[in-house]
Amino acid sequence: MTQTARVYGGSLYELAAEESLTDTIRTQMSEVLDLFRENPDYLALLTEPSIAKEERTGLIETAFGSCAERYLVSFLKLLCEKGILREYEGCFEEYTRRYNADHNIAEAVVTSAVELTGAQTAALKDKLEKQTGKTVILTQRIDPSVVAGLRVELEGKQLDGTVKDRMAGISRKLEEVVL
């Protein structure tokens, strides 16, 4: 995430907090990000320098003006006018980071060789919430190379209980003995 995204995303969060709109704007920002990801040509159109800024901001108004919070529409127009609309995803990340900090939420990513069952996911989420004292939003990734076990990334820390990691540790110890 760039410094620009931190500044702009943080500023939008501060404004949303002052206006008690953090939940609404976060939800709408996520929807806009999904739209940009699903329609990369639309984002390319909004960032095309050969099209006048007024026309591009008009497209934003047409697309979002009647269905999104005015602060968010103005934010999108501002990013467009400044030529930094491609920083939107980073702005959303910063907004979400501040939102999570204010709402005592931690995001965790669990990686396993196979999909966890609902009961396993719930048990892991419960354990992480007890350890952190925060509400945990858990995202699961599947990676067959982990062989077995779990790798959890939470608040900048990685907890690796995979067979792959254990085997790598054994391999390092064997190399030390051989050398």
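Is aspartate 143 buried, partly exposed or exposed, and what is its relative accessible area?

**Exercise 1. Classify the partners of a salt bridge.** The model is predicted. Assign an accessibility class to aspartate 143 and to arginine 151.

Solution.
- Step 1: the side chains of aspartate 143 and arginine 151 meet in a salt bridge, with an N to O distance of 3.9 Å. The cut-off for a salt bridge is 4 Å.
- Step 2: aspartate 143 has a relative accessible area of 24%. Buried means under 20% and exposed means over 50%, so aspartate 143 is partly exposed.
- Step 3: arginine 151 has 16% relative accessibility and therefore counts as buried.

**Exercise 2. Place a salt bridge within a helix.** State how aspartate 126 and lysine 130 are positioned relative to each other in helix H7.

Solution.
- Step 1: aspartate 126 and lysine 130 form a salt bridge whose closest N and O atoms are 3.2 Å apart.
- Step 2: both residues belong to H7 (residues 118-132) and are four residues apart, which means a separation of about one helical turn.
- Step 3: aspartate 126, at 36% relative accessibility, counts as partly exposed, whereas lysine 130, with a relative accessible area of 66%, is exposed.

**Exercise 3. Trace a salt bridge between loops.** Which parts of the chain does the pair of glutamate 155 and lysine 134 tie together?

Solution.
- Step 1: the closest N and O atoms in the salt bridge of glutamate 155 with lysine 134 are 2.5 Å apart.
- Step 2: glutamate 155 is in the loop between strand S3 (150-154) and strand S4 (157-160), and lysine 134 is in the loop between H7 and strand S2 (135-142). The pair therefore ties together parts that are 21 residues apart in sequence.
- Step 3: glutamate 155 counts as partly exposed at 44% relative accessibility, and lysine 134 counts as partly exposed at 25%.

**Exercise 4. Describe a helix pair.** Give the geometry of helices H1 and H2 and the composition of their contact.

Solution.
- Step 1: the axes of H1 (residues 3-18) and H2 (residues 22-38) come within 8 Å and cross at roughly 140°.
- Step 2: angles over 145 degrees count as roughly antiparallel; the crossing makes H1 oblique to H2.
- Step 3: Leu12, Tyr13, Ala16 and Ala17 in H1 meet Thr22, Ile25 and Met29 in H2.
- Step 4: by class, this contact has six nonpolar residues, one polar residue and no charged residues.

**Exercise 5. Count the salt bridges.** How many salt bridges does a search of the whole structure find?

Solution. The search finds 10 salt bridges.

Notes: Residues numbered from 1 in each chain as written. Predicted model: local features only at pLDDT ≥ 70, side-chain atom pairs only at ≥ 80, totals over all residues. Heavy atoms only, no water. Axes fitted to C-alpha atoms, helices over the stretch in contact; angles between N-to-C directions. Helix = DSSP H or I, 4+ residues; strand = E, 2+ residues; numbered from the N terminus. Parallel < 35°, antiparallel > 145°, perpendicular 65-115°, else oblique. Contact = heavy atoms within 4.5 Å. Nonpolar A, V, L, I, M, F, W, Y, C, P; charged D, E, K, R; others polar. Buried < 20%, exposed > 50% of the residue type's maximum accessible area, 1.4 Å probe, protein only.
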